[in-house]
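This report covers one chain, from helix geometry to buried cores and charged pairs. Please look at the sequence and model first.

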Amino acid sequence: MTNEWYAFLASIICGILAAVLWYAFDSMRKVFGFKALGNIVFDILWMCCGVVVFCVCIWELFDLRIRAFEFIGVGIGAFLCHILLKRPLEWIFDIIF
């Protein structure tokens with residue numbers, strides 16, 4: 001496997017992790033029943049966690065080289081997670097929280 005395919009698959013996994021984090025924060029938001037201020041706080045926390053995941057992915061796997069297909073891979077990973085894993089993840093996080 002070439003480095004480009006490795007980086008593309010890693011960025012897809014990074015997108016999946018970002019979507020999983022979104023479902024975890026969304027489940028916590030439902031449990032705590034926050035209004036507007038709580039939603040803003042959870043959105044900011046999700047953005048910070050998502051940026052950290054993406055930066056660690058770039059730092060460790062891509063040697064700080066950012067290419068366009070990495071952003072496309074993150075989008076594909078988040079889309080695949082939304083299509084395939086949304087219901088099971090919501091169910092699991094509702095049980096946990």
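Is Lys-30 buried, exposed or partly exposed? Lys-30 is partly exposed, with a relative accessible area of 49%. The cut-offs are under 20% for buried and over 50% for exposed, with partly exposed in between, using a 1.4 Å probe and protein chains only.

This is a predicted model, in which local features need pLDDT of at least 70 and side-chain atom pairs count only at pLDDT 80 or more, while totals for chains, interfaces and linings use all residues. Residues are numbered from 1 along each chain as its sequence is written, and side-chain values use heavy atoms, leaving out hydrogens and water.

## Helix H3

Helices here are DSSP runs (H or I, at least four residues), numbered from the N terminus. Helix H3 spans residues 68-96, a run of 29 residues. Its end C-alpha atoms are only 36 Å apart. A straight helix would reach 42 Å at 1.5 Å a residue; that expected span is 1.5 Å times one less than the number of residues.

H3 has a kink of about 75° at Leu-85. The proline Pro-88 follows shortly after Leu-85. The bend at a residue is the angle between axes fitted to the seven residues ending there and the seven starting there.

Several H3 residues are buried: Glu-70, Gly-73, Gly-77, Cys-81, Leu-89, Glu-90 and Phe-93. The buried residues of H3 pack against helix H1 (3-32).

## Cores and cysteines

A nonpolar core is a set of buried Ala, Val, Leu, Ile, Met, Phe, Trp, Tyr and Cys residues joined through side-chain atoms within 4.5 Å. The largest such core has six residues: Ala-19, Tyr-23, Ala-24, Cys-81, Leu-89 and Phe-93. H1 and H3 each supply at least two residues of this core. Apart from it lies another core, of five residues, including Cys-14, Phe-54, Cys-57 and Ile-58.

Contacts are heavy atoms within 4.5 Å. Leaving out residues up to four places away in sequence, Ala-19 touches Ala-78 and Cys-81.

Cys-81 has a relative accessible area of 1%, so this residue counts as buried. Cys-14 is buried too, at 4% relative accessibility. Cys-81 is in no disulfide, and the nearest cysteine sulfur, that of Cys-14, is 12 Å away. A disulfide needs two cysteine sulfur atoms within 2.5 Å. The whole structure has zero disulfides.

## Ser-27 and Ile-66

Which residues does Ser-27 contact, leaving aside its neighbours within four places in sequence? The partners are Phe-93, Asp-94 and Phe-97. Ser-27 lies in helix H1 and is buried at 3% relative accessibility.

Ile-66 sits in the loop between helix H2 (36-61) and H3. At 53% relative accessibility, Ile-66 counts as exposed. Ile-66 touches Ile-58 and Phe-71, with residues up to four places away in sequence not counted. Ile-66 and Ser-27 are 39 residues apart in sequence, and their C-alpha atoms are 32 Å apart in space.

## Salt bridges

Side chains of opposite charge can pair when their charged atoms come close. A salt bridge is a side-chain nitrogen of Lys or Arg within 4 Å of a carboxyl oxygen of Asp or Glu. The count by this rule is four. Three of these pairs are listed below.

| Pair | N to O distance | Placement |
|---|---|---|
| Lys-30 and Asp-26 | 3.8 Å | both in helix H1, four residues apart |
| Arg-29 and Asp-43 | 2.7 Å | Arg-29 in helix H1, Asp-43 in helix H2, 14 residues apart |
| Glu-90 and Arg-87 | 3.7 Å | both in helix H3, three residues apart |

An α-helix has 3.6 residues a turn, so residues three or four places apart point the same way. Lys-30 and Asp-26 are about one turn of the helix apart, as are Glu-90 and Arg-87.

Accessibility within the pairs is as follows. Asp-26 is buried at 17% relative accessibility. Arg-29 is buried at 13%, whereas Asp-43 is partly exposed at 27%. Glu-90 is buried, with a relative accessible area of 14%, whereas Arg-87 is exposed at 63%. Salt bridges that share partners join Asp-26, Arg-29, Lys-30 and Asp-43 into one network.
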